[in-house]
Amino acid sequence: MTSETLIEVNDLNFSYDTRAILQGVDMTMPRGKVIAIMGGSGSGKTTLLRLISGAIKPTSGYVKFAGEVVHELDRDALFKLRRKMGMLFQFGALFTDLSVFDNVAFQMREHTNLPESMIRDLVLMKLHAVGLRGAHHLMPNELSGGMARRVALARSIALDPMLIMYDEPFTGLDPISLSVIGNLIRRLTDALGMTSIVVTHDVQESLKIVDYVYFIADGVIAAQGTPKEVRESIAPFVHQFIHGEEDGPVPFHYPAQTYQKDLNLEGTLA
Amino acid sequence: MPRRIVSGIQNIGHRVIEGVWRLGVASRFFILVLLKSGTSLRRFNLVVRELYFTGVLSLIIIVVSGLFVGMVLGLQGYETLQKYGSESAVGTLVALSLVRELGPVVAALLFASRAGSAITAEIGLMKATEQLAAMGMMAVDPIARVVAPRFWAGVISMPLLAAMFSVMGVFGGYLVTVVFIGVDEGSYWSQMQSAVDFRFDILNGFIKSCFFGVAVTAIAVFEGYDAPPTAEGVSGATTRTVVTSSLVILGLDFILTAFMFRGVS
(Lines give C-alpha, C1' and ligand atoms only; values in the text may rest on other atoms or scores of the structure.)
Protein backbone atom coordinates (compact mmCIF):
# COMPACT_ATOMS: atom_id res chain seq x y z
CA MET A 1 0.00 0.00 0.00
CA THR A 2 1.42 3.37 -0.99
CA SER A 3 1.18 6.46 1.21
CA GLU A 4 -1.37 7.85 -1.23
CA THR A 5 -3.70 4.90 -0.82
CA LEU A 6 -6.76 5.58 1.34
CA ILE A 7 -8.61 2.29 0.91
CA GLU A 8 -7.17 -1.11 0.24
CA VAL A 9 -9.52 -4.01 -0.46
CA ASN A 10 -7.70 -7.33 -0.33
CA ASP A 11 -9.12 -10.71 -1.43
CA LEU A 12 -12.51 -9.72 -0.07
CA ASN A 13 -15.19 -12.39 0.14
CA PHE A 14 -18.70 -12.00 1.45
CA SER A 15 -21.61 -14.43 1.55
CA TYR A 16 -25.17 -14.36 2.84
CA ASP A 17 -25.52 -17.88 4.26
CA THR A 18 -24.21 -20.00 1.37
CA ARG A 19 -24.88 -17.43 -1.38
CA ALA A 20 -21.63 -15.75 -2.41
CA ILE A 21 -22.05 -12.01 -3.03
CA LEU A 22 -18.40 -10.94 -3.42
CA GLN A 23 -15.53 -13.26 -4.30
CA GLY A 24 -11.85 -12.38 -4.14
CA VAL A 25 -12.28 -8.64 -4.74
CA ASP A 26 -9.06 -6.57 -4.80
CA MET A 27 -9.12 -2.80 -5.10
CA THR A 28 -6.89 0.15 -4.37
CA MET A 29 -8.40 3.58 -3.95
CA PRO A 30 -6.02 6.53 -3.78
CA ARG A 31 -6.65 9.79 -1.93
CA GLY A 32 -8.23 12.66 -3.86
CA LYS A 33 -9.75 10.54 -6.62
CA VAL A 34 -13.28 9.80 -7.76
CA ILE A 35 -13.76 6.07 -8.24
CA ALA A 36 -16.83 4.52 -9.82
CA ILE A 37 -18.09 1.05 -9.04
CA MET A 38 -20.42 -0.15 -11.76
CA GLY A 39 -22.33 -3.32 -12.33
CA GLY A 40 -25.79 -4.71 -12.78
CA SER A 41 -28.41 -4.84 -10.06
CA GLY A 42 -27.55 -7.39 -7.39
CA SER A 43 -23.91 -7.58 -8.45
CA GLY A 44 -22.64 -6.69 -4.96
CA LYS A 45 -21.88 -2.96 -5.34
CA THR A 46 -23.83 -1.73 -2.33
CA THR A 47 -22.57 -4.68 -0.28
CA LEU A 48 -19.06 -3.47 -1.03
CA LEU A 49 -19.92 -0.01 0.36
CA ARG A 50 -21.37 -1.63 3.47
CA LEU A 51 -18.15 -3.60 3.92
CA ILE A 52 -16.02 -0.48 3.53
CA SER A 53 -18.13 1.35 6.14
CA GLY A 54 -17.99 -1.61 8.52
CA ALA A 55 -21.77 -2.11 8.54
CA ILE A 56 -21.15 -5.80 7.79
CA LYS A 57 -18.12 -8.03 8.23
CA PRO A 58 -16.44 -9.93 5.39
CA THR A 59 -16.42 -13.72 5.26
CA SER A 60 -12.70 -13.50 4.51
CA GLY A 61 -10.22 -10.89 3.30
CA TYR A 62 -10.22 -7.31 4.56
CA VAL A 63 -10.85 -3.66 3.87
CA LYS A 64 -8.18 -1.30 5.13
CA PHE A 65 -9.19 2.34 5.59
CA ALA A 66 -6.45 4.86 6.38
CA GLY A 67 -4.26 1.97 7.54
CA GLU A 68 -6.88 0.34 9.80
CA VAL A 69 -8.54 -2.99 9.08
CA VAL A 70 -12.21 -2.02 9.30
CA HIS A 71 -13.78 -5.30 10.44
CA GLU A 72 -11.27 -5.72 13.29
CA LEU A 73 -12.31 -2.47 14.98
CA ASP A 74 -14.56 -2.54 18.03
CA ARG A 75 -17.74 -0.45 18.04
CA ASP A 76 -16.18 2.70 19.50
CA ALA A 77 -13.20 2.58 17.15
CA LEU A 78 -15.53 1.99 14.20
CA PHE A 79 -17.66 4.99 15.13
CA LYS A 80 -14.48 7.04 15.46
CA LEU A 81 -13.44 5.89 11.99
CA ARG A 82 -16.85 6.71 10.56
CA ARG A 83 -16.38 10.34 11.51
CA LYS A 84 -13.84 10.36 8.70
CA MET A 85 -16.41 8.99 6.26
CA GLY A 86 -19.55 10.37 4.72
CA MET A 87 -22.25 8.57 2.84
CA LEU A 88 -24.84 9.83 0.42
CA PHE A 89 -27.79 7.46 0.34
CA GLN A 90 -29.81 6.80 -2.79
CA PHE A 91 -32.66 9.16 -1.87
CA GLY A 92 -30.73 11.38 0.52
CA ALA A 93 -32.06 9.89 3.80
CA LEU A 94 -32.52 13.37 5.27
CA PHE A 95 -33.98 13.47 8.79
CA THR A 96 -37.55 14.41 8.02
CA ASP A 97 -38.21 16.00 11.41
CA LEU A 98 -35.29 18.42 11.05
CA SER A 99 -34.96 21.45 8.76
CA VAL A 100 -32.31 21.63 6.05
CA PHE A 101 -30.14 23.71 8.40
CA ASP A 102 -30.49 21.25 11.29
CA ASN A 103 -29.79 18.29 9.00
CA VAL A 104 -26.46 19.78 7.97
CA ALA A 105 -25.71 20.87 11.55
CA PHE A 106 -26.57 17.41 12.93
CA GLN A 107 -23.08 15.92 12.97
CA MET A 108 -21.47 19.15 14.17
CA ARG A 109 -23.82 19.24 17.16
CA GLU A 110 -23.37 15.53 17.86
CA HIS A 111 -19.60 15.31 17.57
CA THR A 112 -18.19 18.75 18.34
CA ASN A 113 -18.48 21.41 21.02
CA LEU A 114 -18.52 24.27 18.56
CA PRO A 115 -20.51 27.35 19.58
CA GLU A 116 -23.85 27.74 17.80
CA SER A 117 -22.66 30.89 16.00
CA MET A 118 -19.79 28.96 14.42
CA ILE A 119 -22.05 26.04 13.53
CA ARG A 120 -24.35 28.52 11.80
CA ASP A 121 -21.51 29.89 9.68
CA LEU A 122 -20.20 26.42 8.83
CA VAL A 123 -23.65 25.14 7.86
CA LEU A 124 -24.25 28.11 5.59
CA MET A 125 -20.83 27.54 3.98
CA LYS A 126 -21.63 23.87 3.33
CA LEU A 127 -25.03 24.77 1.93
CA HIS A 128 -23.46 27.49 -0.21
CA ALA A 129 -21.10 24.88 -1.68
CA VAL A 130 -24.11 22.93 -2.97
CA GLY A 131 -26.01 26.07 -3.99
CA LEU A 132 -28.74 25.81 -1.34
CA ARG A 133 -27.80 28.47 1.20
CA GLY A 134 -31.16 30.14 0.55
CA ALA A 135 -33.03 26.92 1.34
CA HIS A 136 -31.65 26.51 4.88
CA HIS A 137 -35.02 27.13 6.51
CA LEU A 138 -36.96 24.59 4.43
CA MET A 139 -38.09 21.19 5.64
CA PRO A 140 -37.09 18.05 3.68
CA ASN A 141 -40.65 17.55 2.39
CA GLU A 142 -40.42 20.93 0.68
CA LEU A 143 -37.40 19.91 -1.42
CA SER A 144 -37.26 18.32 -4.88
CA GLY A 145 -35.37 15.04 -5.31
CA GLY A 146 -32.29 16.83 -6.66
CA MET A 147 -32.32 19.44 -3.88
CA ALA A 148 -32.71 16.73 -1.22
CA ARG A 149 -29.63 14.99 -2.55
CA ARG A 150 -27.67 18.23 -2.58
CA VAL A 151 -28.63 18.85 1.06
CA ALA A 152 -27.59 15.28 1.86
CA LEU A 153 -24.29 16.00 0.11
CA ALA A 154 -23.80 19.13 2.23
CA ARG A 155 -24.60 17.05 5.32
CA SER A 156 -22.11 14.36 4.37
CA ILE A 157 -19.27 16.90 4.03
CA ALA A 158 -20.19 18.62 7.31
CA LEU A 159 -17.10 17.37 9.14
CA ASP A 160 -14.77 17.42 6.10
CA PRO A 161 -14.44 13.63 5.77
CA MET A 162 -11.61 11.80 4.03
CA LEU A 163 -14.05 9.66 2.09
CA ILE A 164 -17.55 10.01 0.74
CA MET A 165 -19.48 7.04 -0.59
CA TYR A 166 -22.33 7.72 -2.98
CA ASP A 167 -24.95 5.01 -3.35
CA GLU A 168 -26.69 5.50 -6.71
CA PRO A 169 -26.53 9.32 -6.54
CA PHE A 170 -28.05 9.84 -10.00
CA THR A 171 -31.15 7.66 -9.63
CA GLY A 172 -34.41 9.37 -10.54
CA LEU A 173 -32.94 12.79 -11.30
CA ASP A 174 -33.79 15.06 -14.22
CA PRO A 175 -30.88 15.88 -16.61
CA ILE A 176 -30.13 19.24 -14.96
CA SER A 177 -30.07 17.85 -11.41
CA LEU A 178 -28.07 14.89 -12.63
CA SER A 179 -25.43 17.13 -14.13
CA VAL A 180 -25.41 19.36 -11.01
CA ILE A 181 -24.85 16.38 -8.71
CA GLY A 182 -22.14 14.97 -11.00
CA ASN A 183 -20.25 18.26 -11.10
CA LEU A 184 -20.63 18.74 -7.34
CA ILE A 185 -19.10 15.32 -6.67
CA ARG A 186 -16.08 16.21 -8.81
CA ARG A 187 -15.73 19.77 -7.48
CA LEU A 188 -16.07 18.86 -3.82
CA THR A 189 -13.64 15.96 -4.17
CA ASP A 190 -11.04 18.28 -5.66
CA ALA A 191 -11.71 21.19 -3.29
CA LEU A 192 -11.67 19.11 -0.09
CA GLY A 193 -8.97 16.68 -1.22
CA MET A 194 -11.10 13.72 -0.24
CA THR A 195 -11.78 10.40 -1.98
CA SER A 196 -15.15 9.65 -3.53
CA ILE A 197 -16.60 6.24 -4.32
CA VAL A 198 -19.60 6.40 -6.62
CA VAL A 199 -21.76 3.31 -6.96
CA THR A 200 -23.82 3.90 -10.06
CA HIS A 201 -25.56 2.56 -13.14
CA ASP A 202 -25.30 5.85 -14.96
CA VAL A 203 -22.44 5.20 -17.35
CA GLN A 204 -22.39 8.42 -19.35
CA GLU A 205 -22.64 10.85 -16.41
CA SER A 206 -20.17 9.00 -14.24
CA LEU A 207 -17.53 8.53 -16.95
CA LYS A 208 -17.43 12.33 -17.27
CA ILE A 209 -16.39 12.85 -13.66
CA VAL A 210 -14.52 9.78 -12.40
CA ASP A 211 -10.83 8.95 -12.43
CA TYR A 212 -11.10 5.18 -12.34
CA VAL A 213 -13.80 2.58 -12.86
CA TYR A 214 -14.33 -0.91 -11.44
CA PHE A 215 -16.91 -3.17 -13.04
CA ILE A 216 -18.40 -5.83 -10.78
CA ALA A 217 -20.31 -8.77 -12.21
CA ASP A 218 -21.41 -11.84 -10.27
CA GLY A 219 -19.38 -10.75 -7.26
CA VAL A 220 -16.01 -10.47 -9.02
CA ILE A 221 -14.23 -7.56 -10.66
CA ALA A 222 -14.97 -8.11 -14.33
CA ALA A 223 -12.98 -5.13 -15.62
CA GLN A 224 -11.29 -1.94 -14.48
CA GLY A 225 -9.55 1.08 -15.92
CA THR A 226 -9.65 4.80 -16.55
CA PRO A 227 -12.72 6.23 -18.33
CA LYS A 228 -10.68 6.39 -21.58
CA GLU A 229 -9.61 2.74 -21.29
CA VAL A 230 -13.15 1.71 -20.47
CA ARG A 231 -14.65 3.55 -23.43
CA GLU A 232 -12.13 1.93 -25.77
CA SER A 233 -12.38 -1.50 -24.21
CA ILE A 234 -13.30 -4.41 -26.46
CA ALA A 235 -13.93 -6.73 -23.50
CA PRO A 236 -17.42 -8.11 -24.19
CA PHE A 237 -18.85 -7.35 -20.73
CA VAL A 238 -17.54 -3.77 -20.64
CA HIS A 239 -18.69 -3.15 -24.20
CA GLN A 240 -22.17 -4.43 -23.43
CA PHE A 241 -22.44 -2.39 -20.22
CA ILE A 242 -21.07 0.87 -21.65
CA HIS A 243 -23.27 0.72 -24.73
CA GLY A 244 -26.29 -0.69 -22.97
CA GLU A 245 -26.56 -3.64 -25.34
CA GLU A 246 -29.46 -5.98 -24.79
CA ASP A 247 -27.60 -9.23 -25.19
CA GLY A 248 -24.03 -10.28 -24.53
CA PRO A 249 -22.15 -11.80 -21.60
CA VAL A 250 -25.15 -10.69 -19.53
CA PRO A 251 -27.84 -12.60 -21.45
CA PHE A 252 -31.27 -11.21 -22.27
CA HIS A 253 -32.92 -14.57 -21.60
CA TYR A 254 -33.02 -16.14 -18.19
CA PRO A 255 -31.61 -19.70 -18.43
CA ALA A 256 -34.29 -22.13 -19.59
CA GLN A 257 -34.72 -25.29 -21.62
CA THR A 258 -35.03 -24.85 -25.40
CA TYR A 259 -37.87 -22.76 -26.75
CA GLN A 260 -39.06 -25.65 -28.92
CA LYS A 261 -39.18 -27.96 -25.93
CA ASP A 262 -41.18 -25.44 -23.89
CA LEU A 263 -43.69 -25.11 -26.75
CA ASN A 264 -43.80 -28.90 -27.26
CA LEU A 265 -42.57 -28.47 -30.84
CA GLU A 266 -39.52 -30.70 -30.64
CA GLY A 267 -39.49 -33.25 -33.45
CA THR A 268 -42.28 -31.60 -35.39
CA LEU A 269 -39.91 -29.03 -37.00
CA ALA A 270 -37.25 -31.54 -38.03
CA MET B 1 -54.69 -37.12 7.12
CA PRO B 2 -51.78 -37.95 9.50
CA ARG B 3 -49.61 -35.87 7.19
CA ARG B 4 -51.86 -32.87 7.73
CA ILE B 5 -51.76 -33.38 11.48
CA VAL B 6 -47.96 -33.57 11.43
CA SER B 7 -47.76 -30.47 9.33
CA GLY B 8 -50.15 -28.69 11.70
CA ILE B 9 -48.00 -29.65 14.70
CA GLN B 10 -44.89 -28.51 12.82
CA ASN B 11 -46.60 -25.22 12.12
CA ILE B 12 -47.43 -24.71 15.79
CA GLY B 13 -43.83 -25.64 16.68
CA HIS B 14 -42.45 -23.10 14.23
CA ARG B 15 -44.70 -20.40 15.62
CA VAL B 16 -43.71 -21.16 19.19
CA ILE B 17 -40.00 -21.13 18.32
CA GLU B 18 -40.44 -17.90 16.38
CA GLY B 19 -42.35 -16.34 19.27
CA VAL B 20 -39.72 -17.30 21.83
CA TRP B 21 -36.94 -16.10 19.53
CA ARG B 22 -38.70 -12.77 19.02
CA LEU B 23 -39.22 -12.38 22.75
CA GLY B 24 -35.48 -12.91 23.21
CA VAL B 25 -34.65 -10.31 20.57
CA ALA B 26 -37.11 -7.86 22.17
CA SER B 27 -35.59 -8.42 25.63
CA ARG B 28 -32.09 -7.88 24.30
CA PHE B 29 -33.27 -4.71 22.55
CA PHE B 30 -34.90 -3.47 25.77
CA ILE B 31 -31.65 -3.98 27.70
CA LEU B 32 -29.75 -2.14 24.95
CA VAL B 33 -32.17 0.79 25.21
CA LEU B 34 -31.60 0.96 28.98
CA LEU B 35 -27.83 0.73 28.58
CA LYS B 36 -27.80 3.46 25.96
CA SER B 37 -30.03 5.85 27.87
CA GLY B 38 -27.10 7.95 29.04
CA THR B 39 -27.43 10.35 26.11
CA SER B 40 -31.12 10.90 26.90
CA LEU B 41 -30.34 11.74 30.50
CA ARG B 42 -27.36 13.96 29.65
CA ARG B 43 -29.24 15.79 26.90
CA PHE B 44 -32.66 15.92 28.46
CA ASN B 45 -33.92 18.33 25.80
CA LEU B 46 -34.14 15.29 23.48
CA VAL B 47 -36.60 13.70 25.92
CA VAL B 48 -38.49 16.98 26.40
CA ARG B 49 -39.04 17.22 22.66
CA GLU B 50 -40.50 13.71 22.59
CA LEU B 51 -42.57 14.47 25.70
CA TYR B 52 -44.39 17.02 23.61
CA PHE B 53 -45.20 14.51 20.86
CA THR B 54 -46.11 11.57 23.09
CA GLY B 55 -47.52 13.37 26.12
CA VAL B 56 -48.84 16.81 25.23
CA LEU B 57 -50.39 15.72 21.93
CA SER B 58 -52.15 12.82 23.69
CA LEU B 59 -53.75 15.19 26.20
CA ILE B 60 -56.89 15.95 24.20
CA ILE B 61 -57.95 12.32 23.80
CA ILE B 62 -57.11 11.59 27.45
CA VAL B 63 -59.01 14.61 28.80
CA VAL B 64 -62.11 14.03 26.69
CA SER B 65 -62.19 10.27 27.32
CA GLY B 66 -61.60 10.75 31.06
CA LEU B 67 -64.44 13.22 31.25
CA PHE B 68 -66.91 10.91 29.49
CA VAL B 69 -65.84 7.79 31.40
CA GLY B 70 -66.33 9.71 34.67
CA MET B 71 -69.74 10.93 33.54
CA VAL B 72 -70.86 7.40 32.64
CA LEU B 73 -69.51 6.05 35.93
CA GLY B 74 -71.38 8.75 37.83
CA LEU B 75 -74.61 8.02 36.00
CA GLN B 76 -74.43 4.24 36.34
CA GLY B 77 -73.22 4.46 39.94
CA TYR B 78 -76.04 6.80 40.89
CA GLU B 79 -78.66 4.58 39.22
CA THR B 80 -77.52 1.56 41.24
CA LEU B 81 -76.70 3.24 44.56
CA GLN B 82 -79.95 5.20 44.80
CA LYS B 83 -81.83 1.89 44.97
CA TYR B 84 -80.18 1.33 48.33
CA GLY B 85 -80.33 4.96 49.40
CA SER B 86 -76.55 5.24 49.15
CA GLU B 87 -76.29 7.79 46.35
CA SER B 88 -74.03 9.93 48.52
CA ALA B 89 -71.34 7.24 48.07
CA VAL B 90 -71.25 7.80 44.32
CA GLY B 91 -68.14 9.98 44.67
CA THR B 92 -66.30 7.09 46.32
CA LEU B 93 -67.36 4.70 43.58
CA VAL B 94 -66.25 7.05 40.80
CA ALA B 95 -62.92 7.87 42.44
CA LEU B 96 -61.97 4.30 43.41
CA SER B 97 -62.94 2.90 40.01
CA LEU B 98 -60.87 5.52 38.27
CA VAL B 99 -57.81 5.65 40.51
CA ARG B 100 -57.46 1.89 40.96
CA GLU B 101 -58.43 0.56 37.55
CA LEU B 102 -59.95 2.67 34.83
CA GLY B 103 -57.53 5.58 35.02
CA PRO B 104 -54.33 3.57 34.48
CA VAL B 105 -55.88 0.94 32.18
CA VAL B 106 -58.01 3.07 29.85
CA ALA B 107 -55.37 5.82 29.71
CA ALA B 108 -52.77 3.17 28.79
CA LEU B 109 -55.02 1.69 26.09
CA LEU B 110 -55.58 5.16 24.64
CA PHE B 111 -51.88 5.93 24.97
CA ALA B 112 -51.02 2.74 23.06
CA SER B 113 -53.40 3.68 20.26
CA ARG B 114 -52.43 7.33 20.04
CA ALA B 115 -48.74 7.60 21.01
CA GLY B 116 -47.55 3.98 20.76
CA SER B 117 -48.69 3.61 17.17
CA ALA B 118 -47.16 7.00 16.29
CA ILE B 119 -43.80 6.01 17.81
CA THR B 120 -43.76 2.71 15.89
CA ALA B 121 -44.72 4.35 12.61
CA GLU B 122 -42.14 7.11 13.02
CA ILE B 123 -39.23 4.79 13.86
CA GLY B 124 -40.33 2.29 11.20
CA LEU B 125 -40.46 4.98 8.53
CA MET B 126 -37.09 6.34 9.63
CA LYS B 127 -35.73 2.84 9.08
CA ALA B 128 -37.48 2.40 5.72
CA THR B 129 -36.13 5.73 4.43
CA GLU B 130 -32.59 4.86 5.60
CA GLN B 131 -32.53 7.67 8.18
CA LEU B 132 -31.40 5.26 10.90
CA ALA B 133 -28.70 3.84 8.61
CA ALA B 134 -27.59 7.39 7.78
CA MET B 135 -27.34 8.16 11.49
CA GLY B 136 -25.21 5.06 12.05
CA MET B 137 -22.95 6.15 9.17
CA MET B 138 -22.52 9.50 10.95
CA ALA B 139 -21.24 7.60 13.98
CA VAL B 140 -24.39 8.42 15.94
CA ASP B 141 -26.07 5.42 17.59
CA PRO B 142 -29.77 5.39 16.55
CA ILE B 143 -30.78 3.52 19.70
CA ALA B 144 -29.24 6.21 21.90
CA ARG B 145 -30.36 9.15 19.74
CA VAL B 146 -33.79 8.08 18.44
CA VAL B 147 -35.11 5.15 20.48
CA ALA B 148 -34.07 5.96 24.07
CA PRO B 149 -35.51 9.52 24.19
CA ARG B 150 -38.86 8.23 22.87
CA PHE B 151 -38.82 5.41 25.39
CA TRP B 152 -38.21 7.68 28.37
CA ALA B 153 -40.71 10.26 27.14
CA GLY B 154 -43.34 7.51 27.03
CA VAL B 155 -42.42 6.24 30.48
CA ILE B 156 -42.69 9.75 31.95
CA SER B 157 -45.88 10.67 30.06
CA MET B 158 -47.93 7.62 30.93
CA PRO B 159 -48.43 8.17 34.73
CA LEU B 160 -49.11 11.87 34.14
CA LEU B 161 -51.72 11.08 31.50
CA ALA B 162 -53.31 8.44 33.75
CA ALA B 163 -53.49 10.99 36.58
CA MET B 164 -55.05 13.51 34.21
CA PHE B 165 -57.55 10.86 33.10
CA SER B 166 -58.58 10.15 36.71
CA VAL B 167 -58.88 13.85 37.55
CA MET B 168 -61.09 14.48 34.54
CA GLY B 169 -63.15 11.38 35.38
CA VAL B 170 -63.76 12.56 38.92
CA PHE B 171 -64.77 15.93 37.52
CA GLY B 172 -67.07 14.23 34.96
CA GLY B 173 -68.71 12.24 37.75
CA TYR B 174 -69.18 15.46 39.72
CA LEU B 175 -70.78 17.17 36.73
CA VAL B 176 -73.34 14.43 36.22
CA THR B 177 -74.17 13.51 39.80
CA VAL B 178 -73.83 16.84 41.62
CA VAL B 179 -74.52 19.46 38.99
CA PHE B 180 -77.13 17.67 36.84
CA ILE B 181 -78.76 15.13 39.21
CA GLY B 182 -78.39 17.06 42.42
CA VAL B 183 -76.47 14.73 44.74
CA ASP B 184 -75.15 16.62 47.77
CA GLU B 185 -71.82 18.22 46.88
CA GLY B 186 -70.41 17.85 50.40
CA SER B 187 -71.09 14.08 50.51
CA TYR B 188 -69.62 13.61 47.01
CA TRP B 189 -66.28 15.11 47.99
CA SER B 190 -66.08 14.13 51.67
CA GLN B 191 -66.96 10.45 51.13
CA MET B 192 -64.42 10.33 48.34
CA GLN B 193 -61.81 11.94 50.59
CA SER B 194 -62.39 9.49 53.43
CA ALA B 195 -62.58 6.35 51.28
CA VAL B 196 -59.65 6.88 48.91
CA ASP B 197 -56.40 5.82 50.52
CA PHE B 198 -53.21 7.38 49.26
CA ARG B 199 -51.03 4.30 49.77
CA PHE B 200 -53.42 1.61 48.54
CA ASP B 201 -55.33 3.46 45.87
CA ILE B 202 -53.45 6.42 44.46
CA LEU B 203 -49.92 5.03 44.81
CA ASN B 204 -50.88 1.62 43.46
CA GLY B 205 -52.66 3.24 40.51
CA PHE B 206 -49.55 5.31 39.88
CA ILE B 207 -47.33 2.21 40.01
CA LYS B 208 -49.65 0.44 37.57
CA SER B 209 -49.47 3.30 35.09
CA CYS B 210 -45.64 3.29 35.37
CA PHE B 211 -45.61 -0.43 34.44
CA PHE B 212 -48.00 0.23 31.56
CA GLY B 213 -45.83 3.13 30.37
CA VAL B 214 -42.73 0.94 30.27
CA ALA B 215 -44.60 -1.92 28.55
CA VAL B 216 -46.37 0.16 25.89
CA THR B 217 -43.35 2.27 24.98
CA ALA B 218 -40.96 -0.68 24.97
CA ILE B 219 -43.30 -2.55 22.59
CA ALA B 220 -43.75 0.55 20.41
CA VAL B 221 -40.03 1.29 19.99
CA PHE B 222 -39.16 -2.38 19.43
CA GLU B 223 -41.84 -2.89 16.79
CA GLY B 224 -40.71 0.28 14.99
CA TYR B 225 -37.04 -0.65 15.09
CA ASP B 226 -37.74 -4.23 14.04
CA ALA B 227 -40.24 -3.36 11.28
CA PRO B 228 -39.41 -4.61 7.78
CA PRO B 229 -38.42 -1.48 5.79
CA THR B 230 -41.47 -1.47 3.54
CA ALA B 231 -44.89 0.22 3.63
CA GLU B 232 -46.50 -3.12 4.45
CA GLY B 233 -43.89 -3.83 7.14
CA VAL B 234 -44.46 -0.49 8.89
CA SER B 235 -48.25 -0.83 8.80
CA GLY B 236 -48.01 -4.37 10.20
CA ALA B 237 -45.69 -3.19 12.98
CA THR B 238 -48.06 -0.36 13.90
CA THR B 239 -50.97 -2.79 14.17
CA ARG B 240 -48.87 -5.19 16.26
CA THR B 241 -47.98 -2.36 18.64
CA VAL B 242 -51.61 -1.57 19.37
CA VAL B 243 -52.73 -5.22 19.63
CA THR B 244 -49.77 -6.46 21.70
CA SER B 245 -49.79 -3.40 23.98
CA SER B 246 -53.51 -3.76 24.65
CA LEU B 247 -53.18 -7.43 25.56
CA VAL B 248 -50.10 -6.78 27.70
CA ILE B 249 -51.86 -3.92 29.53
CA LEU B 250 -54.85 -6.10 30.38
CA GLY B 251 -52.69 -9.06 31.40
CA LEU B 252 -50.36 -6.89 33.49
CA ASP B 253 -53.33 -5.20 35.10
CA PHE B 254 -54.64 -8.51 36.39
CA ILE B 255 -51.24 -9.55 37.74
CA LEU B 256 -50.58 -6.17 39.38
CA THR B 257 -54.08 -6.01 40.85
CA ALA B 258 -53.66 -9.50 42.28
CA PHE B 259 -50.46 -8.42 44.03
CA MET B 260 -51.54 -4.96 45.10
CA PHE B 261 -55.09 -5.40 46.34
CA ARG B 262 -54.95 -8.90 47.74
CA GLY B 263 -56.56 -8.75 51.18
CA VAL B 264 -57.48 -5.07 50.91
CA SER B 265 -61.11 -4.52 51.78
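Which pattern does chain B follow when read along the sequence? In this predicted model, chain B follows the pattern α-α-α-α-α-α-α-α-α-α. The count agrees with that reading: ten helices and zero strands are found in chain B.

**Overall form and confidence of chain B**

The C-alpha atoms of chain B fill a box of roughly 65 × 60 × 35 Å, taken along the principal axes. Of the 265 residues in chain B, 44% are buried. Contacts within the chain often link distant parts of the sequence: among contacts between residues at least 6 apart in sequence, 87% join residues at least 24 apart. The pLDDT of chain B averages 92, and 98% of the residues score at least 70. For the model, the scores are ipTM 0.80 and pTM 0.84.

**The contact between chains A and B**

How many residues does the contact take from chain A and from chain B? Chain A gives 13 residues and chain B gives nine residues. On the side of chain A that touches chain B, three elements each supply at least two residues: α2 (75-82), β6 (85-88) and α3 (100-111). The largest share of this side, four residues, comes from α3(A).

The table sorts the residues on the side of chain A that touches chain B by class.

| Class | Residues on the side of chain A that touches chain B |
|---|---|
| Nonpolar | seven residues |
| Polar | three residues |
| Charged | three residues |

In summary, chain B has ten helices and zero strands, and nine residues of chain B take part in the contact with chain A.

Conventions: Residues are numbered from 1 along each chain as its sequence is written. Chains are lettered from A and ligands numbered from 1 in the order in which they are written. This is a predicted model: local features need pLDDT of at least 70, side-chain atom pairs count only at pLDDT 80 or more; totals for chains, interfaces and linings use all residues. Two residues are in contact if their C-beta atoms, placed from the backbone, lie within 7 Å. Ala, Val, Leu, Ile, Met, Phe, Trp, Tyr, Cys and Pro count as nonpolar, Asp, Glu, Lys and Arg as charged, and the others, Gly among them, as polar. pLDDT is the predictor's confidence in each residue, from 0 to 100. A residue is buried if 20 or more other C-beta atoms lie within 10 Å of its own, exposed if 12 or fewer, and partly exposed in between; C-beta atoms are placed from the backbone.
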